[in-house]
Amino acid sequence: MKASDLFINCLEEEGVKRIFGVPGEENADFMISLKKSKKIEFILCRHEQAAAFMADAYGRLTGKAGVCLSTLGPGVTNLMTGLADANMDRSPVVAIIGQGSTNRLHKESHQIMDSISMVNPISKWAQTILSAQNITEVIRKAFKVAETEKPGVTVIEFPEDIAKEEIDDKPIKPSLIRRPAADNRAVDAALDLILESKNPIILAGNGTIRKRASNRLRILVENLGIGVINTFMGKGSVSFKDKHSLFTIGLGSGDYNNLAIDESDLVIAIGYDLVEYSPSAWNRIEGGKKKIIHIDYTPAEVDRDYLPNVEIISDLAGALYQVNHSLLKRVSKSKIPLFDINSRKKSRLEMLNHLDQNNNDKSFPMKPQRVLADVRKVLNDEDIILSDVGAHKMWVAREYNCTNPNTCLISNGFCTMGFALPGSIGAKMVYPDKKVLSINGDAGFLMNVQDLETAVRNNINVVAVVWLDGEYGLIKWKQQVQFKGEHSDLKFENPNFSDLAKSFQMWGQQIESEDQFIPALNEAFNQKGPAIIGVPVDYSENMKLTQHLGKVSAII
């Protein structure tokens, strides 16, 4: 068979169902081979960056590598921002990139560049296929590495002349691998620290929403009887309705739950990535010398503010099972839970009251809190929102709380504008029966607005809520905080979003009062294709929140 046919056979063996991308001349053989596949659907996108974001969300939600494709040169450079986002947010993604013939890679030639060297810093592994004989090994390794904890991006470069070669070979079948168990001495040392502590707390990160870890975490929380704070990307690992939940941490200026960490004598960091929220922002008492237990798939990053006393390195769900099992062997059931969660009741209630403060505010433009309270009323616990990057992201992270993992996707490692709209298309393809909503700033939304056409063409009912302020709101907020209210010129003009929707032949509305929002959401979710809702937002709430949090004192 042709090498490109074997490549497709290998993707089918890996269980690939969709590839998101923009092909080019150098992918021609690959695309014709793909056209013959009865198992893989190609989703033609309008920009390679959007294709990478679709694969990013697809990989996050399935745990299997999302796949995206580009041609060589500018196709690869367009793909890179989405790949960097997926890699830093721990999403399994395999990128297939085109390349010119191997007989011109050594010299100055049209569109030729060293793509592998360029993608190396933003991927776990990247490799050119230099012989058709290597196809089966390279593809199996790319998927294995992408999906191995911690997951991330791998890149396969497929030169056009190699794709034409004749080959007699078969795909390598994927095999299930078990991750190692935790070291018993590390588990015992961690339990010693927990039993010696007076006021421990759990910091639940990105890893706790994957691979059964959430269920094991919830059991540990019940057994210990202590508070849990989640990062932006750990939302839903413990339900916000649970009495142990102390909500989401991550605001640069700190929040109520930072005080809970301040007053704790032990932080149990579970599945926590330092890119989510710098340890210097929460380990801020006594020069960052707080006792820490690190439980994760990989050893802790070296950081002067994050020097764990004990590290438990293994499969996360397995580690939590071992900790729970060992705890019940060392402590009689009559003494479980170890601590009284009612000691956190005042802290939880205080924060909950502040979160709910403007949920029914009737002013217009709408307050961020009211927008998110209305979204929460329309969406079920299993439905999915994706937040883009901007001032709205801080409000989503703080105000929109979840009962289940993977129901609020936030780009918070690489923090990439333009993620949410294309990401929502990938998410809807994973869960066609769930409501999928993207929350965007007007700046980030227009960075990937072209892929509304992809959603229209494929009849994908994703709803985009666009917060309108006509400025780069998060940059303004940060400048105001840093320069005593001053900021640079960050204003721009917007289209009318109702007219924008018409131009794409889809439904859209730009609301003119706060009571139009919920009816607009309901109508948007009844469409056969995508929908846009433009919502003018009152961002004067940004500095009000900063000023309020600056005055928050210990409530524990």
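**Cavities, cores and odd bonds**

Modeller: The second largest cavity holds about 40 Å³ of space. The model it sits in is predicted.

Biologist: Which strand gives the largest share of the lining of that second largest cavity?

Modeller: The lining residues include N230, K235, G236, S245, F247, T248, N401 and C402. One strand, spanning residues 245–248, supplies 3 residues, the largest share. That strand is β9.

Biologist: How does the lining of the second largest cavity divide by class?

Modeller: V238, F240 and F247 are among the lining residues. So are N230, S245 and T248, and K235 is there too. By class the lining has 1 charged, 4 nonpolar and 5 polar residues.

Biologist: F247 lines that cavity. What is its phi?

Modeller: F247 belongs to strand β9. It counts as buried, because its relative accessibility is 1%, and the cut-off is under 20%. Its phi is positive, in a residue other than glycine. The value is near 70 degrees.

Biologist: C402 also lines the second largest cavity. Why does C402 form no disulfide, and how far away is the closest cysteine sulfur?

Modeller: C402 is buried, at a relative accessible area of 3%. A disulfide needs two cysteine sulfur atoms within 2.5 Å. The closest cysteine sulfur is in C408, too far for a bond. The gap is 4.7 Å.

Biologist: And C10? Which cysteine holds the sulfur closest to the sulfur of C10?

Modeller: C10 counts as buried, at 4% relative accessibility. Its sulfur is 18 Å from the closest cysteine sulfur, so the two are too far apart for a bond. That closest sulfur belongs to C68.

Biologist: How many disulfides does the count come to?

Modeller: The sulfur of C10 is too far from that of C68. The sulfur of C402 is too far from that of C408. With the cut-off set at 2.5 Å, the count comes to 0.

Biologist: Back to empty space. What is the volume of the largest cavity?

Modeller: Rolling a probe the size of a water molecule over the atoms shows where empty space is left. A search of the whole structure finds 2 cavities of 30 Å³ or more. The largest has a volume of about 50 Å³.

Biologist: Which elements give two or more residues to the lining of the largest cavity?

Modeller: The lining is made of E26, N27, F30, L69, I96, I97, F158, P159, E160 and A163. By class, 7 are nonpolar, 1 is polar and 2 are charged. The elements that give two or more residues are β4 (93–99), β6 (153–159) and α7 (160–163).

Biologist: Now the packing. Which helix gives the most to the largest nonpolar core?

Modeller: In soluble globular proteins, nonpolar side chains tend to be buried together. Here the largest nonpolar core has 47 residues, and L437, F517 and I533 have the most contacts inside it. One helix, residues 391–399, gives 5 residues to this core, and that helix is α15.

Biologist: How many residues are in the other core, which lies apart from it?

Modeller: This other core includes F20, L79, M80 and A126. Its total is 42 residues.

Biologist: What does I533 touch, leaving aside neighbours within four places in sequence?

Modeller: I533 is one of the residues with the most contacts inside the largest core. Its partners include V463, A464, V465 and V466. Further partners include W507, I511, F517 and L521.

Biologist: Where does the chain have a cis peptide bond with omega near 0 degrees?

Modeller: Another cis bond runs from E149 to K150, with omega near -10 degrees. K150 lies in the loop between α6 (135–147) and β6. For omega near 0 degrees, look to the loop between α13 (345–355) and α14 (368–378), where P365 sits. The bond runs from F364 to P365.

Biologist: N406 has a positive phi. Is N406 buried or exposed?

Modeller: N406 lies in the loop between α15 and β14 (408–410). Its phi is near 60 degrees. Its relative accessible area is 18%, and the cut-off is under 20%, so N406 is buried.

Biologist: S91 lies in a loop too. What distance separates its C-alpha atom from that of K346?

Modeller: S91 is in the loop between α4 (74–88) and β4. It is buried, at a relative accessible area of 0%. Its contacts beyond sequence neighbours include D56, R60 and P151. K346 is 255 residues away along the chain, and the C-alpha atoms are separated by 37 Å.

Terms used:
Residues are numbered from 1 along each chain as its sequence is written. This is a predicted model: local features need pLDDT of at least 70, side-chain atom pairs count only at pLDDT 80 or more; totals for chains, interfaces and linings use all residues. Side-chain values use heavy atoms; hydrogens and water are left out. Buried means under 20% relative accessible area, exposed over 50%, partly exposed in between (1.4 Å probe, protein chains only). On a 1 Å grid over the protein atoms alone, a cavity is a set of points where a 1.4 Å probe fits but cannot get out, and a pocket is an open set with protein on both sides within 12 Å along at least five of seven lines; lining residues have an atom within 4 Å of a point. Grid points are joined across faces, edges and corners, and a volume is the space filled by probe spheres set on the points. Helices (H or I, at least four residues) and strands (E, at least two) are DSSP runs, numbered from the N terminus. Ala, Val, Leu, Ile, Met, Phe, Trp, Tyr, Cys and Pro count as nonpolar, Asp, Glu, Lys and Arg as charged, and the others, Gly among them, as polar. A nonpolar core is a set of buried Ala, Val, Leu, Ile, Met, Phe, Trp, Tyr and Cys residues joined through side-chain atoms within 4.5 Å. Contact means heavy atoms within 4.5 Å.
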